[in-house]
Amino acid sequence: MSQTHPLRVVVLISGSGSNLQALIDGQKQGELPVEIVAVISNRAAVRGLQRAEQAGIPALILDHTQYESREAFDEALQAQIDEYRPELVVLAGFMRILTPGFTRHYEGRMFNIHPSLLPKYQGLHTHQRVLDAGESEHGVTVHFVTPELDGGPPVIQARVPVLEGDTAETLAARVQQQEHSIYPLAVKWFAQGRLQMKSGKALLDNEPLGPQGYLMGTTQP
Ligand code: GRF
């Protein structure tokens, strides 16, 4: 089903918001048929909030430390998000573990981006862990969000080489370059009605994607 109006998107962040910026730029350049209707951060005074304000997008803070439990925060977050009636929720560096109730509420309409070649290196500090393990390649995955942390069906995966002399910072920068092209692409496909999640699988143009999603990047065969 293709959209007749720009897809309503809410973006959740916790920090710098460079992926948010890639989406804002895509929207401004007319490449993304979306409207970012709100940006919500669980941390105050982060760069991503400034980016939203500069783009004229409502930028809200919902501080998780003000809630007595993970459930209470997620309920408040869900209520806040739903005021904006999003068709897609985009986690862009949102550093929170989400409750199953929250993830189920947005199942099939929430993406995350994780800096590893999932299912490898779920969790934190992926760049350093990849270096410590002596891997020759690394990358990033956009996936649908399910209750399993970093475990939902992959949509797009991009690979980058690990180069001699790399540090966690140089590797992160190489990965982020890919992030800024694959995240807008996944959002675009979703907005175009080409991408959906069915029976726990990601489908592109009604065809199931492989276990790593659509493959992109420089070191793939
Ligand atoms: C990215 O590296 C993303 O893969 C991870 O968090 C980081 C967010 O960066 N989930 P930014 O806030 O979009 O700059």
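Colleague: In what order do the strands of the open sheet of 3 strands stand, and what pairing does the sheet have?

Modeller: In this predicted model, the order of the strands in that open sheet is β8-β9-β10, and the pairing is antiparallel. β8 (195-198) and β10 (207-208) are at the edges with a single partner strand each, so one side of each has no neighbour in the sheet.

Colleague: How do you know that β8 and β9 count as a pair?

Modeller: Two strands pair if there are at least two bridges between them, and β8 and β9 (residues 201-204) are joined in the antiparallel sense over 4 bridges, so the condition is met. Within this arrangement, Lys 198 stands opposite Lys 201 in β9.

Colleague: Which residues surround the ligand?

Modeller: A residue belongs to these surroundings if one of its heavy atoms lies within 4 Å of the ligand, and the residues concerned are Ser 16, Gly 17, Ser 18, Asn 19, Gly 93, Ile 113, Pro 115, Gln 176 and Glu 179. This shell divides into 2 nonpolar, 6 polar and 1 charged, while α1 (18-28) and α6 (168-191) each contribute at least two of its residues.

Colleague: What makes the approach of Ser 18 to the ligand a polar contact?

Modeller: The cut-off for a pair of N or O atoms is 3.5 Å, and a polar side-chain atom of Ser 18 lies 2.5 Å from an oxygen atom of the ligand, so the pair qualifies. Backbone atoms take part too, since a polar one of Gly 17 is 2.7 Å from a ligand oxygen, and a backbone N or O atom of Asn 19 is 2.8 Å from an oxygen atom of the ligand. The protein covers 84% of the 360 Å² of accessible area that the ligand has on its own, and the space that the ligand takes is the largest pocket.

Colleague: Why are Pro 119 and Ala 45 worth pointing out?

Modeller: Most peptide bonds are trans, and most residues other than glycine have a negative phi. The bond from Leu 118 to Pro 119, however, is cis, with omega near 10 degrees, and Pro 119 is in the loop between β5 (110-114) and α5 (126-132). Ala 45, in the loop between β2 (34-41) and α2 (47-54), has a positive phi, near 55 degrees.

Key. Residues are numbered from 1 along each chain as its sequence is written. This is a predicted model: local features need pLDDT of at least 70, side-chain atom pairs count only at pLDDT 80 or more; totals for chains, interfaces and linings use all residues. Side-chain values use heavy atoms; hydrogens and water are left out. A polar contact is a pair of N or O atoms within 3.5 Å; within protein, one must be able to donate a hydrogen and the other to accept it, and residues adjacent in sequence count only if both atoms are side-chain atoms. Accessible areas come from the Shrake-Rupley method with a 1.4 Å probe; for residues, only the protein chains shown count as cover. On a 1 Å grid over the protein atoms alone, a cavity is a set of points where a 1.4 Å probe fits but cannot get out, and a pocket is an open set with protein on both sides within 12 Å along at least five of seven lines; lining residues have an atom within 4 Å of a point. A molecule sits in a cavity or pocket if more than half of its atoms lie within 2 Å of its grid points. Ala, Val, Leu, Ile, Met, Phe, Trp, Tyr, Cys and Pro count as nonpolar, Asp, Glu, Lys and Arg as charged, and the others, Gly among them, as polar.
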